[in-house]
Amino acid sequence: MNTNTEIELHEIVDSFREVKQLFFQLMSDMSCRFGVTGIQLMTLKALRDRPEIGLGDLAEHMRLGSSTVSGVIDRLVKAELVIRERPANNRRVLVLKLSEKGEQVLQGADSAYRQYLSGLNDLDPEELQVMLQAHRKIIKKLEKVRDENHHE
């Protein structure tokens, strides 16, 4: 690999880190406005997208440990944002879903999020597609490297 390519790859990785850090700050500021943490907000979004999911599946979807997600859920239940429920057709299973209060918090946060992202509306749609394709390709290649190294 030539030096210019290495430099550009490092710049891309640094750029990802910066975007992630800015996004984290944005999520943190936004979630604070709604009385939840960033990870709690992400959990509420995951529950909205996957209603009546179990804890293990939720943890897997969020790519977090079950104990971490369990603690987040405990706090969300205590705040009356999430409901734990046993379905009538299978009393052995415990599923999670948003409460009405959780829905309201998420709607407010979604609105604020869209407002924050509106600053990016002037980006060229074709450039966005190129970036998205490049990011997906990078992710696949990095996952492949990770999986190959993980099995050694």
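Let's start inside helix 4, where the buried residues (under 20% relative accessible area with a 1.4 Å probe, protein chains only) are V69, G71, V72, I73 and L76. Keep in mind that this is a predicted model, where local features need pLDDT of at least 70, side-chain atom pairs count only at pLDDT 80 or more, and totals for chains, interfaces and linings use all residues. Residues are numbered from 1 along each chain as its sequence is written, and side-chain values use heavy atoms, with hydrogens and water left out.

**Around helix 4**
- Helix 4 covers residues 66-78, and its 13 residues reach 18 Å from first C-alpha to last.
- That is close to the 18 Å expected at 1.5 Å a residue, with the expected span being 1.5 Å times one less than the number of residues.
- Its buried residues are covered by parts including helix 2 (38-49), helix 3 (55-62), strand 1 (82-85) and strand 2 (95-98).
- After helix 4 comes E80, and its phi is positive, near 65°.

**The whole chain**
- You'll find six helices and two strands here; these are DSSP runs numbered from the N terminus, with helices being H or I of at least four residues and strands being E of at least two.
- Along the sequence, the pattern goes α-α-α-α-β-β-α-α.
- The C-alpha atoms fill a box of roughly 60 × 45 × 25 Å, taken along the principal axes.

**Inside and contacts**
- Just 24% of the 152 residues in the chain are buried.
- Take the contacts (heavy atoms within 4.5 Å) between residues at least 6 apart in sequence: 48% of them join residues at least 24 apart.

Methods. Buried < 20%, exposed > 50% of the residue type's maximum accessible area, 1.4 Å probe, protein only.
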